[in-house]
Amino acid sequence: MAFEGLAARLQDTLTKIRGKGKVSEQDVKDMMREVRLALLEADVNFKVVKQFIASVKEKALGQEVMKSLTPGQQVIKVVNEELTALMGSEQSKIAVAAKAPTIVMMVGLQGAGKTTTTAKLANHLRKNHNRKPLLVACDIYRPAAIKQLETLGKQLDMPVFSLGDQVSPVEIAKQAVQKAKEEHHDYVILDTAGRLHIDETLMKELTDIKEMVKPDEILLVVDSMTGQDAVNVAESFNEQLDVTGAVLTKLDGDTRGGAAISIKAVTNTPIKFAGMGEKIDQLEPFHPERMASRILG
Ligand code: GDP
């Protein structure tokens, strides 16, 4: 299960302080040393850990104790609030353009889960927001990516726009938006190509698509299993593309949690959705507060 190690360690540490009727500065320091180690072990970015610890210490030590809580509970409350804030505080919603269609561009490394998430997102928009999305196959390089999206489209009974693998993705995106307007689709979701590593050609293609269709939302799909790498990838994509949100995939796996906890703080990009499995309905809006509670028990 995701966050298992981190959750166990943090809960263990917090249990020690929970019942305390009096919490000394030393108690908080001792606890935070353990929290720090637990976060680092979960592959949370070290700068993020440092800032988190400083901010919890400051708040935990500076606060008046609320009457309804024991000092121990108070400290735990601060940890919970700060962890929530670190992951973005509020649920961050997907963009809606003032004038339809809303154009969403999915970007990320190969294997992160872009194609799957494209279909999941379309399903989510139709099911929960009554939208009529058009899926667009812009990944012309990965063998079978077009086919994969078409298969998912069939499964959803949703149209997939494709011009094969001989037309440039920029042109495909442009024509897809035109078609969406003609056929009154209110969302266009572009499944773009990924690479195993970030390279200039990939970025150039993505910036070209961005310039051509001016997306309302650029969602970076990141594999939460890749920890710190995921955060570095997010930084690079963000520098070039100014992404507007992230989707963390594979949170159903046994990720240590570092990516989920660091991405918002490092890139200032809100996590909008979480992939919770391979199935098409396993995409959930990301709730920082629920995630923090899940980690802290
Ligand atoms: P792309 O190369 O970025 O388009 O990646 P794909 O969409 O082809 O996904 C790569 C693999 O990750 C596939 O086997 C997916 O089924 C799997 N996958 C994607 N999202 C999730 C998720 O949230 N949970 C799990 N367990 N697997 C996922």
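The following exercises, each with a worked solution, concern a predicted model and its bound ligand.

Residues are numbered from 1 along each chain as its sequence is written. Because the model is predicted, local features need pLDDT of at least 70, side-chain atom pairs count only at pLDDT 80 or more, and totals for chains, interfaces and linings use all residues, while side-chain values use heavy atoms, with hydrogens and water left out.

**Exercise 1. The ligand shell**

Task: Establish how many residues surround the ligand, which are the closest, and how the shell divides by class.

Solution.
- Step 1. A residue is near the ligand if one of its heavy atoms lies within 4 Å of it. The shell holds 18 residues, and the closest are Gly111, Lys114, Thr116, Asp252 and Glu278.
- Step 2. Ala, Val, Leu, Ile, Met, Phe, Trp, Tyr, Cys and Pro count as nonpolar, Asp, Glu, Lys and Arg as charged, and the others, Gly among them, as polar. By this scheme the shell contains 9 polar, 6 charged and 3 nonpolar residues.
- Step 3. Helices (H or I, at least four residues) and strands (E, at least two) are DSSP runs, numbered from the N terminus. Helix H5 (residues 114-129) supplies the largest share of the shell, 4 residues.
- Step 4. Thr116 is found in helix H5. Relative accessible area defines buried as under 20%, exposed as over 50%, and partly exposed as in between (1.4 Å probe, protein chains only). Thr116 has 25% relative accessibility and therefore counts as partly exposed.

**Exercise 2. Polar contacts of the ligand**

Task: Identify which protein atoms lie opposite oxygen atoms of the ligand, and state how much of the ligand the protein covers.

Solution.
- Step 1. A polar contact is a pair of N or O atoms within 3.5 Å; within protein, one must be able to donate a hydrogen and the other to accept it, and residues adjacent in sequence count only if both atoms are side-chain atoms.
- Step 2. From the backbone, an N or O atom of Lys114 is 2.7 Å from a ligand oxygen, and an N or O atom of Lys250 is 3.0 Å from a ligand oxygen.
- Step 3. From a side chain, an N or O atom of Arg142 lies 3.2 Å from an oxygen atom of the ligand.
- Step 4. On its own the ligand has 590 Å² of accessible area, of which the protein covers 81%. Such areas come from the Shrake-Rupley method with a 1.4 Å probe; for residues, only the protein chains shown count as cover.

**Exercise 3. The sheet and strand E6**

Task: Give the strand order of the sheet, then explain why E6 is described as largely enclosed.

Solution.
- Step 1. Two strands pair if DSSP finds at least two bridges between them. The open sheet has 8 strands in the order E3-E2-E4-E1-E5-E6-E7-E8, with mixed pairing. Its edge strands, E3 (160-161) and E8 (283-285), each pair on one side only.
- Step 2. E1 and E4 (residues 187-191) run parallel and are joined by 5 bridges; Met106 stands opposite Asp191 in E4.
- Step 3. E5 (residues 217-223) and E6 also run parallel, with 5 bridges, and Val221 has Val247 of E6 as its bridge partner.
- Step 4. Within E6, Gly245, Val247 and Thr249 point one way, Ala246 and Leu248 point the other way, and all are buried. Because 5 of the 5 residues of E6 are buried, the strand is largely enclosed by the rest of the structure.

**Exercise 4. Thr255 and Ser224**

Task: Locate Thr255 and Ser224, decide whether each is buried or exposed, and describe the contact between them.

Solution.
- Step 1. Thr255 lies in the loop between E6 (245-249) and helix H10 (258-267), whereas Ser224 lies in the loop between E5 and helix H9 (227-241).
- Step 2. Thr255 is buried at a relative accessible area of 5%, and Ser224 is buried at 1%.
- Step 3. A polar atom of the Thr255 side chain is 2.9 Å from the backbone oxygen of Ser224.

**Exercise 5. Backbone geometry**

Task: Name the cis peptide bond, and state where Asn130 lies and what phi it has.

Solution.
- Step 1. Most residues other than glycine have a negative phi, and most peptide bonds are trans.
- Step 2. The cis bond joins Ala100 and Pro101, with omega about 0 degrees.
- Step 3. Asn130, in the loop between H5 and strand E2 (133-137), has a positive phi near 60 degrees. Asn130 is exposed, at 70% relative accessibility.
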